[in-house]
Amino acid sequence: MQRATSRSDLFPRLVTMQKAINARHFGVLRVSGSGLPSKRKLQCELENFGTGNGEAALSIIDAYGEAMIEHIEKSMLPLMWNGREESHLAEAPDFSLFTVRLKGRVLPFSGVAFPVRLGAIGNGYILFTANYIDLSSDAVVDLHGKSCAVMMDLLALDERKSGPAETLSEREIACLQLAGDGRISEEIADKLGLSVHTVNAYLGSATIKLDSVNRIQAIAKAIRLGYIS
């Protein structure tokens with residue numbers, strides 16, 4: 001897998017991993033703080049839950065944060081949980097002995113979280129959520145390996161944070177401009193001759209480059225910096 005040169009490179013990689021298992025969303029949680037586990041907490045670094053589900057990452061941390069921090073201290077087995085509805089399941093039938101179940105029926109979606117431990121810093125989880133997740137053993141191993149690569153790249157990028165700020169590409173600027181004009185992703189895709197998936201990827205990478213938490217903040221910052229009007 002090609003190494004990321006910016007945070008925006010990670011977004012399409014995570015989307016590809018998400019689509020490989022028919023998940024709806026992804027999230028990257030990292031452990032902050034040091035010392036005793038009680039002094040540590042999880043924070044969301046990247047996610048694509050969207051404006052309509054902006055609290056989803058926080059709800060995962062609220063529900064399972066303490067258990068996830070405790071788990072990563074002693075195990076690298078993936079975590080899985082079932083959602084509130086009877087049909088909201090996360091399963092890995094041929095790999096169940098090598099996964100750990102979190103308390104189910106807490107969140108409105110099921111999920112799987114792959115722990116990554118890189119040393120004193122850079123530890124956390126790559127997670128995927130959906131109504132129903134059914135993973136083969138090959139998929140579990142593949143996604144866990146790719147999750148480690150993503151987290152390693154994220155740590156490496158953090159170490160280069162003092163470098164010059166990333167600039168937006170022409171496509172990212174065009175998508176942000178149209179979004180700022182009130183166009184939704186489908187309209188932007190039609191206007192620029194792109195797929196909706198590609199438009200969302202451009203908007204996601206622009207949001208990351210602008211160090212913003214969502215699309216609305218990214219548009220406001222792009223206006224302030226003179227990228228769009």
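Which side chain meets that of Lys146 in a salt bridge? In this predicted model, the partner is Asp142, with a distance of 3.3 Å from N to O. Both residues belong to helix H3, where four residues, about one turn of the helix, separate them. Neither side of the pair reaches the cut-off for exposed, which is over 50% relative accessible area. Lys146 is partly exposed, with a relative accessible area of 29%, and Asp142 is also partly exposed, at 39%.

This pair is one of eight salt bridges found in a search of the whole structure. Another involves helix H3 as well, but with a partner in a distant part of the chain. Here the side chains of Arg13 and Asp153 meet, at 2.8 Å from N to O. Arg13 sits in helix H1 (residues 7-20) and Asp153 in helix H3 (residues 137-159), so the two are 140 residues apart and the pair links distant parts of the chain. Buried means under 20% relative accessible area. Arg13 is therefore buried, with a value of 15%, and Asp153 counts as buried at 3%.

A further salt bridge involves two strands. The side chains of Arg30 and Glu45 meet at 3.9 Å, N to O. Because Arg30 lies in strand S1 (residues 25-32) and Glu45 in strand S2 (residues 41-47), the pair ties together parts that are 15 residues apart in sequence. Arg30 is buried, with a relative accessible area of 8%. Arg30 and Glu45 also belong to a network of salt bridges that takes in Arg7.

The next stop is helix H5, which spans residues 185-192. Which residues of H5 are buried? They are Ser185, Ile188 and Ala189. Viewed down the axis of H5, these buried residues fall within an arc of 100 degrees, so they line one face of the helix. What does that face pack against? The buried residues of H5 pack against three helices: H4 (170-180), H6 (196-209) and H7 (215-224). On the other side of H5, Asp190 and Lys191 are exposed. After H5 comes Gly193, which has a positive phi, near 70 degrees.

To return to the salt bridges, the pairs described here differ in where their residues lie. Lys146 and Asp142 are both within helix H3, Arg13 and Asp153 lie in helices H1 and H3, and Arg30 and Glu45 lie in strands S1 and S2.

Terms used. Residues are numbered from 1 along each chain as its sequence is written. This is a predicted model: local features need pLDDT of at least 70, side-chain atom pairs count only at pLDDT 80 or more; totals for chains, interfaces and linings use all residues. Side-chain values use heavy atoms; hydrogens and water are left out. Buried means under 20% relative accessible area, exposed over 50%, partly exposed in between (1.4 Å probe, protein chains only). The arc is that of the directions from the helix axis to the C-beta atoms. Contact means heavy atoms within 4.5 Å. A salt bridge is a side-chain nitrogen of Lys or Arg within 4 Å of a carboxyl oxygen of Asp or Glu.
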